[in-house]
Amino acid sequence: MHTQVGIIGAGPAGLLLGHLLSLKGIDSVIVENRSRDYVIERVRAGVLEQGTVDLLIQMGVGERLQREGLRHQGLYISFAGQRHHIDLADLTGGKAITVYGQNEVVKDLIDARAATGRALHFEVGHVVVHDMESNRPKITFERDGREEQVTCDFIAGCDGFHGICRPSIPEHAIKFYEREHPFGWLGILAEAAPSSEELVYTCHQRGFALFSMRSPKITRLYFQVPPEEDIDNWSDGAIWDEMLKRMSTRDGWKPNIGPVVQKGVTPMRSFVAEPMRYGRLFLAGDSAHIVPPTGAKGLNLAATDVMVLASGLAEYYTRNSTRVLDDYSEICLRRVWKAQRFSWWMTQTLHRFPGETEFDYRRQLADLDYLTGSRAAMTSLAENYVGLPLDVALA
Ligand code: FAD
Ligand code: DHB
């Protein structure tokens with residue numbers, strides 16, 4: 001079998017790329033090692049930047065997003081028992097974010113893929129990439145107990161942080177920049193109506209906490225825990241106790257409590273692979289970079305990567321030009337590093353670090369006091385949070 005672009009991974013990056021290519025008349029085969037249900041049910045990101053929303057609508061997969069997505073024009077930063085509003089739309093000339101679960105985006109994209117009739121294989125095994133340096137790279141994998149191979153013009157490594165594409169690149173051809181963080185996030189989904197219409201990011205003496213949501217009936221909450229925390233150490237009652245301690249404000253605001261329907265702990269990491277390309281293999285999304293979730297950037301970065309990649313591939317097929325493909329890594333990395341910077345800044349502004357003193361905490365509160373009292377500081381947060389523009393014009 002031959003295809004123009006072999007895509008490994010059916011997360012947001014792989015599915016978005018497949019659909020963008022399909023719209024440009026470029027063929028692809030997507031292989032995914034998990035099941036369809038697993039991919040759809042995996043609870044992860046929830047915040048879409050304005051540019052990601054615009055892209056999904058332009059691609060014709062924004063119908064349910066526009067109906068069910070919750071557009072937020074602002075957010076709250078909470079500390080010392082008080083919430084402070086940041087008006088994202090006012091500070092950015094009308095931009096906003098939309099809360100719509102990553103799993104919903106994935107579901108919409110799988111439906112769109114099915115409607116094109118193009119190949120999307122779930123539950124494949126032993127995926128291996130070959131001959132990336134040649135003009136005919138190849139993917140081999142196992143499907144229904146049989147060995148299959150697909151030759152490609154290009155391969156897109158959209159297989160996330162634990163995928164096989166990045167480790168297939170020879171050591172001398174790639175460099176990694178990495179930072180582990182001394183905490184993770186314990187996250188829950190609860191059947192409780194959100195008690196705030198907008199997200200609340202809290203810095204509390206006991207540590208960071210985040211109030212978010214998925215729908216008018218489902219609340220999504222997180223708090224900072226040690227990185228190796230075992231979720232089994234936390235009963236639902238203990239989780240609610242901790243959430244309420246950290247989130248409740250002096251005006252009486254607190255999250256509504258309800259049955260916990262999903263819970264887990266996610267470690268936190270910052271990681272960048274450079275360059276995001278080896279021969280005819282292009283890395284996109286979490287396979288190339290990870291940001292701590294505080295800035296809500298991961299999924300949005302994946303979307304920008306594949307937008308650039310799809311544009312480069314279209315230019316190759318329509319004009320026989322490799323101009324954008326040649327610059328792919330550089331174009332993406334410039335934005336990736338700015339997202340790293342922002343995510344790191346949000347993380348250190350809102351989390352408590354082990355070994356901090358009372359002095360450090362007072363300084364942190366002063367930082368937050370400055371942030372929420374200065375239009376310049378709030379504007380900086382807002383323009384990063386709604387999403388920075390791509391610095392280049394794409395065809
Ligand atoms: P993935 O979603 O990881 O998809 C990769 C796919 O490849 C997976 O389906 C995987 O099964 C598959 N795969 C792996 N190995 C192979 C293989 N060998 N063969 C075939 N397939 C393979 N981002 C935001 O923008 N906003 C947020 O609010 C946000 N919150 C987050 C909260 C949490 C708790 C977590 C964990 C993440 C959050 N993120 C957020 C990050 C976001 O979820 C990721 O950045 C996003 O999933 C990246 O998409 P991706 O397609 O690159 O990778
Ligand atoms: C959500 C996740 C984030 O990482 C974030 O910064 C904001 C919201 C969420 O899952 O809703």
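Helices and strands are DSSP runs, numbered from the N terminus. Strand E14 gives the most to the shell around ligand 2, with three residues. The model described here is predicted.

The site of ligand 2 comes first in this account. The shell around ligand 2 holds 14 residues. Tyr201, Ser212, Arg214, Tyr222 and Pro293 are the closest of them. Three polar contacts can be described in turn, two to side chains and one to the backbone. In the side chain of Tyr201, an N or O atom lies 2.7 Å from an oxygen atom of ligand 2. For the side chain of Ser212, the corresponding distance to a ligand 2 oxygen atom is 2.6 Å. Pro293 takes part through its backbone, with an N or O atom 2.7 Å from an oxygen atom of ligand 2. On its own, ligand 2 exposes 290 Å², and the protein buries 96% of that area. Two elements give two or more residues to this shell: strand E14 (207–215) and strand E15 (218–225). By class, the residues around ligand 2 are eight nonpolar, three polar and three charged.

Both strands belong to a sheet. This open sheet has eight strands with mixed pairing, in the order E6-E5-E13-E14-E15-E12-E16-E19. Strand E6 (82–87) and strand E19 (289–290) form the edges, and each pairs on one side only. E19 runs antiparallel to strand E16 (residues 260–274), and two bridges join them. Within E19, Ile290 stands opposite Phe271.

The site of ligand 1 was examined next. Around ligand 1 there are 31 residues. Those that come nearest are Glu32, Arg42, Gln102, Asp286 and Leu299. Backbone atoms of Asn33 and Gly46 make polar contacts with ligand 1. At Asn33, a polar backbone atom is 3.3 Å from a nitrogen atom of the ligand. At Gly46, a backbone N or O atom is 3.3 Å from an oxygen atom of ligand 1. Gln102 contributes its side chain, where an N or O atom is 2.6 Å from an oxygen atom of ligand 1. Alone, ligand 1 has 1,000 Å² of accessible area, of which the protein covers 90%. Helices H1 and H8 each supply at least two residues of the shell around ligand 1. H8 gives the most, with three residues. The shell of ligand 1 comprises 13 nonpolar, eleven polar and seven charged residues.

Empty space in the protein was also considered. Rolling a probe the size of a water molecule over the atoms shows where such space is left. The second largest pocket contains about 530 Å³ of space. Its lining is made of 26 residues. Gly51, Leu55, Gln58, Met307 and Leu390 are the closest to its centre. Helix H1 (12–23), helix H3 (50–58) and helix H8 (298–319) each give two or more residues to this lining. By class, the lining has 13 nonpolar, eight polar and five charged residues. H1 and H8 thus appear in two settings: they give residues to the lining of the second largest pocket, and they supply residues to the shell around ligand 1.

Note on methods
Residues numbered from 1 in each chain as written. Chains lettered and ligands numbered in written order. Predicted model: local features only at pLDDT ≥ 70, side-chain atom pairs only at ≥ 80, totals over all residues. Heavy atoms only, no water. Near = heavy atom within 4 Å. Polar contact = N/O pair within 3.5 Å; in protein donor to acceptor, adjacent residues only side chain to side chain. Areas by Shrake-Rupley, 256 points an atom, 1.4 Å probe, with all protein chains shown as cover. Helix = DSSP H or I, 4+ residues; strand = E, 2+ residues; numbered from the N terminus. Nonpolar A, V, L, I, M, F, W, Y, C, P; charged D, E, K, R; others polar. 1 Å grid on protein atoms, 1.4 Å probe; cavity = no way out; pocket = protein on both sides within 12 Å on 5 of 7 lines; lining within 4 Å. Points joined across faces, edges and corners; volume = space filled by probe spheres on them. Pairing = 2+ DSSP bridges.
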